[in-house]
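User: Could you take a close look at the sheet in chain A for me? I'd like to hear how it is put together and what surrounds it.

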Amino acid sequence: MLELRDLRRRFGDLVALDGLSFTARPGRLLGFLGPNGAGKTTAMRSIFGIVRPDSGTILWEGSEIGPATLNHFGYMPEQRGLYPKMKCADQLTYFARTRGVDRDEARASAERWLDRLGLAERADDVLESLSHGNQQRVQLAAALVHGPDLLVLDEPFSGLDPLGVASMEEILREEAAGGRTIIFSSHQLDLVEAICDDVVIVHQGREIRSGTLEQLRAASDRRRVEVSFGPGAAPWSPDGAAADSIEVRNGAVTALVGSDADPDVLLASARSAGDVRAFSWTPPSLSELFVEAVGGAVERVEVMG
Amino acid sequence: MTTPSFLDQVRLVAGREIRERGGSRSFKASTVITLLIVLALVIVPTWFDSDDPEEWTVAVVGSVPDTFAPALDAAAASQDATVEILELPTGSVTDADSLDEALEDADAVLVDGRVVTDDEVGAGLRSALSAAWVQSQLLQGLTDSGLDPAEAAAALEIPPVEFTTTDEADGNEDSGTREAAAFIGVIALFVAINTYGTWVLTGVLEEKSNRVVEVVISAIAPRALLAGKVLGIGLLGLLQLSVVAVVGLATAIAVGVTEVPTALVPAVASMVVWFVLGFAFYAVGYAAAGSPRARRARWPCSCSAPTSSRCSSSDRTPTASRR
């Protein structure tokens, strides 16, 4: 179990971490979300001692992190972090050995991972001759080659094609099922929603939502209503109940309404407008939760970069 | 899985530098190119500075004293030259045409006590001819005035004056070689330290720019990374330098440019020491200049970390200044 407690870090006048706390548990995939500049990368780097927090504590299995502990961690930085002119297998062997795996075992593990990622034939090719997606696979292998208990991945899905996304997803699931603690950041919220067990949303250096995906969705005071109409229906929108985000597309109306609205009343009102083919009443999606949590501030932060 | 010690980490990093860099095409190419340059520097001058004995041909018109020919031979020999004497009958050279004809076969023509050449005569031939002329005339004069020829010859048996310098008097007979070795050594050191120091700098910058350092630093202490890099590149540099030095020296001895390797041994030995010290100093400086990220303290996660509001000035003590 990894615990971050009240991390603070300033870069000059910029506050990167402002009392960030959260916990990641073994066997679970934690999605670490937040707008650009929220402090995700700084938090991840501080787990590995690459950035030194001004204050706060990071605990692994209840104790502070030292060199011996770090060897049980794997890190995949957002930008590629490999030697461009080194052969893939040599590279992975080297990274495993820096973490204390002995030579033969490191070599075997490197080959095993390349094989598992479908790169066995590229083992003796230099990294820079590989495509972007394959380099990303090698980067993932570099984080996993020493069999870490904690895996931290900064934007592992960025720049991958759908097949790459699927194989990355599969590996993350398998590794989590094997009992590892996994944290990853991503802006692809649909993807996070599909694979994560737990979610932490950070904004301006502190967590504003955290818990299991179900908890987060259930805790929202909004509900998503979706109604599909048959041909010839009159224009309809949920009235009252503070409806917003109303969209009309292909004869279907979706909207977010307050959780205190009565779905029976909404359905009755929709029926009066026309032939209702489908009606759904669900908690909001993760991206709706995210927008709700981060609010209008996102735009400002995005502009500031 | 055990935690690698600091020395294990240094060894791993140094090993990677040596394998990857030493096996790279650019390292092999730079070794070959340096070797070619050194070989060219040693060998090419010998083509222009030939030690082969010079050969002179001197035509002598009419009779000269019998002692002239041996005197000229001796004078030529003292200048590492051999001389061939063509005897032309008296009266065979009377005008410009016949003179030119005689000069076809000879470098100089001695006629009626004059030496005629078609070009400016070389200093060696000039002094040999003068010496032989004076000696033979002197002998002739002494014999003419009644001295026994053998006695006259003995009287002219003068040992040449010897030239020496104070250095040689002190027993430093090879000071020239040593000065040359020191001069070449200083240039080689400068080039080597700069070259290999730049390797360290570019290596650090590369790791930093492609972020590989984030992965490495998450496992290896920054100091071990720095030490391993400097050590690996230093050993590789020393190897390259030794290969070039040994091949260069062997070639120099083989082609006879230098003969006294014993004089070079202390110079080469001190060069190695200075290379190690100089490289260590400048390489660490280069690395520190290239890697502000690697200079940060390693263990960040304690509650007692300083809470100073300015982030950088207090915790970025440059590695270089801590030595």
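Analyst: A quick definition before we start: two strands pair if DSSP finds at least two bridges between them. Keep in mind, too, that this is a predicted model.

Now the sheet itself. In chain A, four strands make an open sheet, ordered 2-1-4-5, with antiparallel pairing. Strand 2 (14-24) and strand 5 (63-64) of chain A sit at the edges with a single partner strand each, so one side of each has no neighbour in the sheet. Strand 1 (residues 2-11) of chain A is antiparallel to strand 2 of chain A, and eight bridges join the two. If you want a spot to zoom in on, try A:Arg8, whose bridge partner in strand 2 of chain A is A:Asp18.

Then there's a helix lying against all this. Helix 1 (residues 40-47) of chain A packs on the sheet and touches strand 1, strand 2 and strand 4 (55-60) of chain A. The direction of helix 1 makes about 115° with that of strand 1 of chain A.

The sheet also has a part in the contact with the other chain. Overall, 39 residues of chain A are in contact with 31 residues of chain B. Among the elements of chain A that give two or more residues to that side are strand 1 and strand 4, along with helix 3 (88-98). Helix 3 of chain A gives the most, with four residues. By class, the side of chain A that touches chain B has 21 nonpolar, 11 polar and seven charged residues.

As for the partner, chain B has 12 helices and four strands, and 26% of its 323 residues count as buried.

Key. Residues are numbered from 1 along each chain as its sequence is written. Chains are lettered from A and ligands numbered from 1 in the order in which they are written. This is a predicted model: local features need pLDDT of at least 70, side-chain atom pairs count only at pLDDT 80 or more; totals for chains, interfaces and linings use all residues. Two residues are in contact if their C-beta atoms, placed from the backbone, lie within 7 Å. Axes are lines fitted to C-alpha atoms, for helices over the stretch in contact, and angles run from 0 to 180 degrees between N-to-C directions. Ala, Val, Leu, Ile, Met, Phe, Trp, Tyr, Cys and Pro count as nonpolar, Asp, Glu, Lys and Arg as charged, and the others, Gly among them, as polar. A residue is buried if 20 or more other C-beta atoms lie within 10 Å of its own, exposed if 12 or fewer, and partly exposed in between; C-beta atoms are placed from the backbone.
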